[in-house]
Amino acid sequence: MKDKTIDYILRATWQAVARMYNEEASKFDGSMAIGFALLSIDKDDGTPSTYISNRMGMEPTSLTRTLKTLEEKGLITKKKNPDDGRGVLIYLTELGKEKRELSRNTVIQFNNTIKEHISEDKLQHFIEVAETINDLITEKKVF
């Protein structure tokens, strides 16, 4: 561990998490991107598509592909935003709500498993370190 760089550890860990989520999602004809998108949509009131891309940290073109997939699978419907004719609101279908709940339970199971194996103190340190890294990058203090 001593010889590994911080970015390597972050990358390797995220790739392992993504692989784990994709393997689990594939059992339900889904993917991590689909699950994350479903979790980013308000289950009752719908969500503007621009909010989803911001929340997911995705480029609009990638989100467009993901939303198209969600629509093709019958998980969402799109409706014009009554408050802004240029915008679109994304709503979950009943099937979308079921798949959203599956995604939610998967994330909760992951979090609970991690909490069973890592002390609250260590988790708090991890969160602080991750937030500091994000702040340094956001504030352009690295490059």
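Which residue forms a salt bridge with Lys 78? The partner is Glu 71, and the closest N and O atoms of the two residues are 3.6 Å apart. That pair is one stop on this short tour of a predicted model.

## The overall picture

Let us start with the whole protein. The chain has six helices and three strands. Followed along the sequence, these elements come in the order α-α-β-α-α-β-β-α-α. Taken along the principal axes, the box filled by the C-alpha atoms is roughly 50 × 35 × 25 Å.

The protein has 143 residues, and 22% of them count as buried. About 10600 Å² of the protein is exposed, with carbon and sulfur atoms supplying 55% of that area. Contacts also say something about how the chain folds back on itself: among those between residues at least 6 apart in sequence, 44% join residues at least 24 apart.

## Salt bridges

Side chains of opposite charge can pair when their charged atoms come close. In this model the count comes to eight salt bridges, and the pair from the opening is one of them. Both of its members sit at an intermediate level of exposure: Lys 78 is partly exposed at 39% relative accessibility, and Glu 71 is partly exposed at 37%.

Another salt bridge can be found within a single helix. Asp 7 and Arg 11 both belong to helix H1, which covers residues 6-26. They are four residues apart, about one turn of the helix, and their side chains meet at 3.4 Å, N to O. Asp 7 is partly exposed, with 43% relative accessibility, and Arg 11 is partly exposed too, with a relative accessible area of 44%.

A further pair links two loops. The side chains of Lys 73 and Asp 29 form a salt bridge at 3.1 Å, N to O. Lys 73 lies in the loop between helix H4 (60-72) and strand E2 (76-81), while Asp 29 lies in the loop between H1 and helix H2 (32-39), so this pair ties together parts that are 44 residues apart in sequence. The partners fall into separate exposure classes: Lys 73 is partly exposed, at 30% relative accessible area, whereas Asp 29 is exposed, at 56%.

## A buried arginine

Now for a charged residue without such a partner. Arg 100 lies in helix H5, which spans residues 94-117. This residue is buried yet has no salt bridge. What is its nearest side chain of opposite charge? That is Glu 101, which is 5.3 Å away, and a salt bridge would need the nitrogen and the carboxyl oxygen within 4 Å.

The side chain of Arg 100 does have a polar neighbour in the backbone: one of its polar atoms lies 3.1 Å from the backbone oxygen of Ile 41. If neighbours within four places in sequence are left aside, Arg 100 is in contact with Leu 38, Leu 39, Ile 41, Lys 43 and Leu 92.

## A nonpolar patch on the surface

Which residues make the nonpolar surface patch of about 480 Å²? They are Leu 136, Ile 137, Val 142 and Phe 143. Leu 136 has its place in helix H6, which runs over residues 120-138. With a relative accessible area of 36%, Leu 136 counts as partly exposed; a residue needs over 30% to be part of a patch, so Leu 136 passes that cut-off.

Methods
Residues are numbered from 1 along each chain as its sequence is written. This is a predicted model: local features need pLDDT of at least 70, side-chain atom pairs count only at pLDDT 80 or more; totals for chains, interfaces and linings use all residues. Side-chain values use heavy atoms; hydrogens and water are left out. Buried means under 20% relative accessible area, exposed over 50%, partly exposed in between (1.4 Å probe, protein chains only). Lys and Arg count as positive and Asp and Glu as negative; His and the chain ends are not counted. A polar contact is a pair of N or O atoms within 3.5 Å; within protein, one must be able to donate a hydrogen and the other to accept it, and residues adjacent in sequence count only if both atoms are side-chain atoms. Contact means heavy atoms within 4.5 Å. Patches are made of residues with over 30% relative accessible area and no salt bridge: like charges are joined within 9 Å, nonpolar side chains (Val, Leu, Ile, Met, Phe, Trp, Tyr) within 5 Å. Accessible areas come from the Shrake-Rupley method with a 1.4 Å probe; for residues, only the protein chains shown count as cover.
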